[in-house]
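I opened this file to see how its interior is put together. My notes follow in the order in which I looked things up.

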Amino acid sequence: MRIDTLSTFPDMFSSVMGASMMRIAREKGILDFHAHDLRDWTHDRHRTTDDEPYGGGHGLVMKCGPIFEAMDELAAEGPRPHVVFLAPQGERFDDACAKRLAAEERLLFVCGHYEGIDERAYTLADTTLSIGDYVLTSGELAAMVVIDAVVRKLPGVLGAEEGAVDESFNGGLLEYPQYTRPAEFRGMEVPAVLRSGDHGAVDAWRRRQSVERTARLRPDLLEGADLTPDERAFLETLDAPCGDDAGAV
């Protein structure tokens with residue numbers, strides 16, 4: 001996959017895209033990443049990307065001209081990108097959306113700043129996303145969240161083909177609780193089933209814990225979860241959400 005970003009602070013991507021799984025994805029040739037400076041498509045000596053809003057008001061608004069010019073040029077480089085804007089009015093980003101975007105050959109993220117972007121620029125968007133109901137300093141931060149979630153879905157990034165299968169939200173459930181050595185720490189023990197060597201019992205325990213944890217902490221996810229009749233019957237035996245006790249044996 002090729003991913004491009006268009007923003008006024010392209011250097012913000014350097015550390016994130018050069019570390020951990022993003023670095024590995026690039027080194028493996030799975031991800032081709034390019035951060036572009038929107039100022040490269042301005043035409044005044046101050047390289048201005050913003051101006052005062054029509055109608056008055058506080059702050060500055062990003063100009064649409066440089067965005068259109070950048071898009072014209074970048075779209076000509078290779079396959080046409082699927083263009084993603086980050087904005088409060090966008091679709092709420094989730095795991096299903098990450099899977100859809102991971103199927104694209106190329107993505108281009110337009111990152112807002114200041115008081116927003118001239119509305120005419122949104123005519124270029126294929127998808128507009130919001131990562132939550134709060135305000136960030138810039139769209140670069142939101143874009144990094146989306147990019148990380150998407151790139152993790154690409155085959156080969158996590159190593160094993162099933163690398164992302166057991167993660168939270170896969171199948172509509174939260175992930176089961178995880179443990180590692182030591183087996184006992186400050187009076188807290190790892191559940192015996194995980195030390196039993198019985199893989200069938202471990203799988204069954206993990207599945208049951210995922211269902212229970214989701215019911216207690218994120219019951220809103222259950223409506224779209226892929227549950228068996230027995231698992232739905234199990235849900236009926238649970239009390240109302242009251243906290244995470246999924247580690248109990």
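Before looking at the helix start, I fixed the term: a polar contact is a pair of N or O atoms within 3.5 Å, and within protein one of them must be able to donate a hydrogen and the other to accept it. I also kept in mind that this is a predicted model.

Entry 1, helix H4. With that cut-off in hand I looked at the start of H4, where a side-chain oxygen of Asp94 comes to within 3.3 Å of the backbone nitrogen of Ala96. I then listed the buried residues of H4 and found Asp95, Cys97, Ala98, Leu101 and Ala102. Viewed down the helix axis, these buried residues fall within an arc of 155 degrees, so they line one face of H4. Next I asked what covers the buried residues of H4. The cover includes S5, S6, strand S7 (127-130) and H5.

Entry 2, strand S6. I went on to S6, one of the elements in that cover, and noted that five of its five residues are buried. Which residues of S6 lie on each side? I found Arg106, Leu108 and Val110 on one side and Leu107 and Phe109 on the other, with both faces covered. In a regular strand the side chains alternate between the two faces of the sheet. For the pairing, I counted five bridges between S1 and S6, in the parallel sense, and saw that Leu6 stands opposite Val110 in S6. S5 and S6 also run parallel, joined by four bridges, and Val83 has Leu108 in S6 as its bridge partner.

Entry 3, the cores. I turned to the largest nonpolar core, which has 31 residues, and noted that Ile3, Leu101, Phe109, Val146, Ile147 and Val151 touch the most other members. At least two residues of this core come from each of helix H2 (20-27), strand S5 (82-92), helix H4 (95-102), strand S6 (106-110) and helix H5 (139-151). H5 gives the largest share, seven residues. Apart from this core I found another of 18 residues, including Leu6, Leu38, Met62 and Leu108. I then followed Ile3 and, leaving aside neighbours within four places in sequence, recorded contacts with Leu31, Asp32, Phe33, His34, Leu107, Phe109, Ile147 and Val151.

Entry 4, a loop residue. Last, I checked Asp11, in the loop between strand S1 (2-7) and helix H1 (14-17). Is Asp11 buried or exposed? Its relative accessibility is 64%, and because exposed means over 50%, Asp11 counts as exposed. I also noted that Asp11 and Glu140, 129 residues apart in sequence, are 9.7 Å apart in space, C-alpha to C-alpha.

Notes
Residues numbered from 1 in each chain as written. Predicted model: local features only at pLDDT ≥ 70, side-chain atom pairs only at ≥ 80, totals over all residues. Heavy atoms only, no water. Core = buried A, V, L, I, M, F, W, Y, C linked by side-chain atoms within 4.5 Å. Buried < 20%, exposed > 50% of the residue type's maximum accessible area, 1.4 Å probe, protein only. Contact = heavy atoms within 4.5 Å. Arc of directions from axis to C-beta. Pairing = 2+ DSSP bridges.
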